[in-house]
Amino acid sequence: QARLKTTLAEAQARLGQADAAQASLAAALQARPDHAPALRLQARLAAVGGDPAGAITRLQALLASHPGDAEAWLLMGHLLLHQRSEPAQVLAAWRQALTLQPDLAAAHAAIVALHLARRDMDAAASQLAQMRERLPRHPRTLQFDAELALARGDLARAQSLFQALLRALPDEPGLLQSAALVELRLGAPAQAEQLLALALVR
């Protein structure tokens with residue numbers, strides 16, 4: 001019952017049915033007060049509802065009773081990032097998630113993305129190497145390989161990787177935009193314009 005109600009609440013939240021989601025979530029927690037997926041969703045909905053500090057407090061309580069919940073550590077990292085916490089705190093949460101679940105793609109991706117945003121290419125490359133070892137064929141691994149190549153100015157490699165990704169995921173706006181940037185930097189504005197036009201209609 002708790003699992004079913006939590007799944008229903010997640011679907012309702014995605015559809016923007018906030019009141020219905022909260023009602024289903026309450027039913028889930030009534031059926032099983034310690035149901036970790038429901039408690040994670042409760043924290044996520046609190047953050048979406050404008051109470052990130054309350055969301056963090058809820059997650060801290062969840063992690064006190066479920067310290068091995070990798071998804072909760074992943075969410076904690078995102079909430080800390082949203083609260084503009086120190087990068088070390090954010091990274092610690094995501095790394096704990098990976099300690100518990102080494103193949104958690106979202107945690108690898110979050111760490112790589114943060115390092116890229118901070119222009120720490122060596123740290124990004126180091127995390128990407130770990131991601132590649134665990135998830136060699138995952139689309140996010142290939143995407144960050146391309147993004148890192150672009151950030152380092154290796155345009156030929158970036159172009160090749162983005163083209164391969166777009167053959168598999170032709171409707172992904174983010175990939176289209178990054179591929180367009182590569183083409184623009186390679187001096188191919190017509191190709192860049194075509195890719196951006198596709199991104200706008202996706």
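Begin by selecting helix H10, residues 155-168. Its 14 residues reach 20 Å from the first C-alpha to the last, close to the 20 Å expected at 1.5 Å a residue. The model on the screen is a predicted one.

**Stop 1: the two sides of H10**

Within H10, colour Leu155, Ala158, Leu161, Phe162, Leu165 and Leu166, which are buried. Turn the view to look down the helix axis: these buried residues fall within an arc of 135 degrees, so they line one face of the helix. Next, colour Ala156, Arg167 and Ala168, which are exposed on the other side of H10.

What do the buried residues of H10 pack against? Display helix H9 (139-151), helix H11 (173-185) and H12, and the packing partners of these residues appear.

Remain on H10 and select alanine 164, which also lies in this helix. Alanine 164 has a relative accessibility of 35% and counts as partly exposed. Draw a distance from its C-alpha to that of alanine 146: the two residues are 18 apart in sequence and 9.9 Å apart in space.

**Stop 2: from H10 to H9 through a salt bridge**

Select aspartate 145 and arginine 157 and show their side chains. They form a salt bridge in which the closest N and O atoms are 2.7 Å apart. Aspartate 145 belongs to helix H9 and arginine 157 to helix H10, so the pair ties together parts that are 12 residues apart in sequence. Is each partner buried or exposed? Aspartate 145 counts as buried, at 12% relative accessibility, whereas arginine 157 counts as partly exposed, at 38%. Add Arg132 to the selection: salt bridges that share partners join Arg132, Asp145 and Arg157 into one network.

**Stop 3: further salt bridges**

How many salt bridges does the structure hold? There are five. One of them is formed by aspartate 69 and arginine 40, whose closest N and O atoms are 2.7 Å apart. Aspartate 69 is found in the loop between H4 and H5 and arginine 40 in helix H3, so this pair ties together parts that are 29 residues apart in sequence. Aspartate 69 is buried, at a relative accessible area of 10%, and arginine 40 also counts as buried, at 16%.

Now select aspartate 122 and arginine 152, whose side chains meet in a salt bridge with an N to O distance of 3.6 Å. Aspartate 122 is in helix H8 and arginine 152 in the loop between H9 and H10, so parts that are 30 residues apart in sequence are tied together. Aspartate 122 is exposed, with a relative accessible area of 61%, while arginine 152 is partly exposed, with 49%.

**Stop 4: a buried glutamine in H8**

Stay with helix H8, residues 121-134, and select glutamine 127. Glutamine 127 is buried, because its relative accessible area is 5% and buried means under 20%. Which residues are in contact with glutamine 127, leaving aside its neighbours within four places in sequence? Select Leu98, His108, Ile111 and Val112 to see them.

**Stop 5: helix H5 and its cover**

Select helix H5, residues 70-82. This helix has 13 residues and reaches 19 Å from its first C-alpha to its last, close to the 18 Å expected at 1.5 Å a residue. Colour its buried residues: Ala70, Ala72, Leu74, Leu75, Met76, Gly77, Leu79 and Leu80. Then display helix H3 (36-48), helix H4 (52-65), helix H6 (87-100) and helix H7 (105-117), which are included in what covers these residues.

**Stop 6: a nonpolar surface patch**

Switch to a surface view and select Leu198, Leu200 and Val201. They form a nonpolar patch on the surface, with about 320 Å² of accessible area together. Valine 201 has its place in helix H12, residues 189-201, and counts as exposed at 62% relative accessibility.

**Last stop: the whole protein**

Finally, clear the selection and view the entire chain. Its secondary structure comes to 12 helices and zero strands. The C-alpha trace spans about 60 × 35 × 30 Å along its principal axes. Of the 202 residues, 41% count as buried. The protein exposes about 11100 Å², and carbon and sulfur atoms supply 52% of that area. Among contacts with a separation of 6 or more, 40% involve residues 24 or more positions apart.

How values were computed: Residues are numbered from 1 along each chain as its sequence is written. This is a predicted model: local features need pLDDT of at least 70, side-chain atom pairs count only at pLDDT 80 or more; totals for chains, interfaces and linings use all residues. Side-chain values use heavy atoms; hydrogens and water are left out. Helices (H or I, at least four residues) and strands (E, at least two) are DSSP runs, numbered from the N terminus. Buried means under 20% relative accessible area, exposed over 50%, partly exposed in between (1.4 Å probe, protein chains only). Contact means heavy atoms within 4.5 Å. Patches are made of residues with over 30% relative accessible area and no salt bridge: like charges are joined within 9 Å, nonpolar side chains (Val, Leu, Ile, Met, Phe, Trp, Tyr) within 5 Å. Accessible areas come from the Shrake-Rupley method with a 1.4 Å probe; for residues, only the protein chains shown count as cover. A salt bridge is a side-chain nitrogen of Lys or Arg within 4 Å of a carboxyl oxygen of Asp or Glu. The expected span of a helix is 1.5 Å times one less than its number of residues. The arc is that of the directions from the helix axis to the C-beta atoms.
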